[in-house]
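Please read these comments with the coordinates open. They go residue by residue.

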Amino acid sequence: MNIYISCDMEGVDGIVTEKQSSPTGPFYAFAREQITEEVNAAGQGAFDAGATSVLVNDSHWDMTNLLPEKLDPRIEYITGSAKPLSMMQGVD
């Protein structure tokens with residue numbers, strides 16, 4: 001089973017203002033931690049349920065929000081904004 005996740009900061013637990021979700025905002029570092037933790041939790045749940053692969057598309061702002069050094073190493077991810085399908089890049 002292959003899992004595809006397109007992640008955006010709006011809707012992430014605790015992210016309620018642009019001061020958090022904007023790269024120029026004072027709380028952006030917190031938001032990056034939160035989105036990375038939520039992607040890891042979703043990935044863990046998927047693997048626990050039998051997924052053989054999890055592909056995550058970073059889909060917020062400039063699409064470089066996930067902290068790669070903190071991602072579960074089993075998770076593959078797409079980053080950067082030069083994506084022909086934007087928020088749906090990688091969907092199969």
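The points below cover a buried residue, a nonpolar core and a surface patch.

1. Ground rules. This is a predicted model, in which local features need pLDDT of at least 70, side-chain atom pairs count only at pLDDT 80 or more, and totals for chains, interfaces and linings use all residues. Numbering runs from 1 along each chain as its sequence is written, and side-chain values use heavy atoms, without hydrogens or water.

2. N57. Look in strand β2 (residues 53–58); strands are DSSP runs of E, at least two residues, numbered from the N terminus. N57 counts as buried because its relative accessibility is 0% (buried is under 20%, exposed over 50%, partly exposed in between, with a 1.4 Å probe and protein chains only).

3. Polar partners of N57. Its side chain makes a polar contact of 2.4 Å with the side chain of K83 (N or O atoms within 3.5 Å, one able to donate a hydrogen and the other to accept it; residues adjacent in sequence count only if both atoms are side-chain atoms). A polar atom of the N57 side chain also lies 3.0 Å from the backbone oxygen of S86.

4. Core. The largest nonpolar core has 17 residues; V54 and V56 are among those touching the most other members (buried Ala, Val, Leu, Ile, Met, Phe, Trp, Tyr and Cys joined through side-chain atoms within 4.5 Å). Two or more residues each come from β1 (2–7), α2 (28–48) and β2. The most come from α2, with 6.

5. M87. This residue follows β3 (75–78). It counts as partly exposed because its relative accessibility is 35%.

How values were computed:
Patch = residues over 30% accessible without salt bridge, like charges linked within 9 Å, V, L, I, M, F, W, Y side chains within 5 Å. Areas by Shrake-Rupley, 256 points an atom, 1.4 Å probe, with all protein chains shown as cover. Salt bridge = Lys/Arg side-chain N within 4 Å of Asp/Glu carboxyl O. Helix = DSSP H or I, 4+ residues; strand = E, 2+ residues; numbered from the N terminus.
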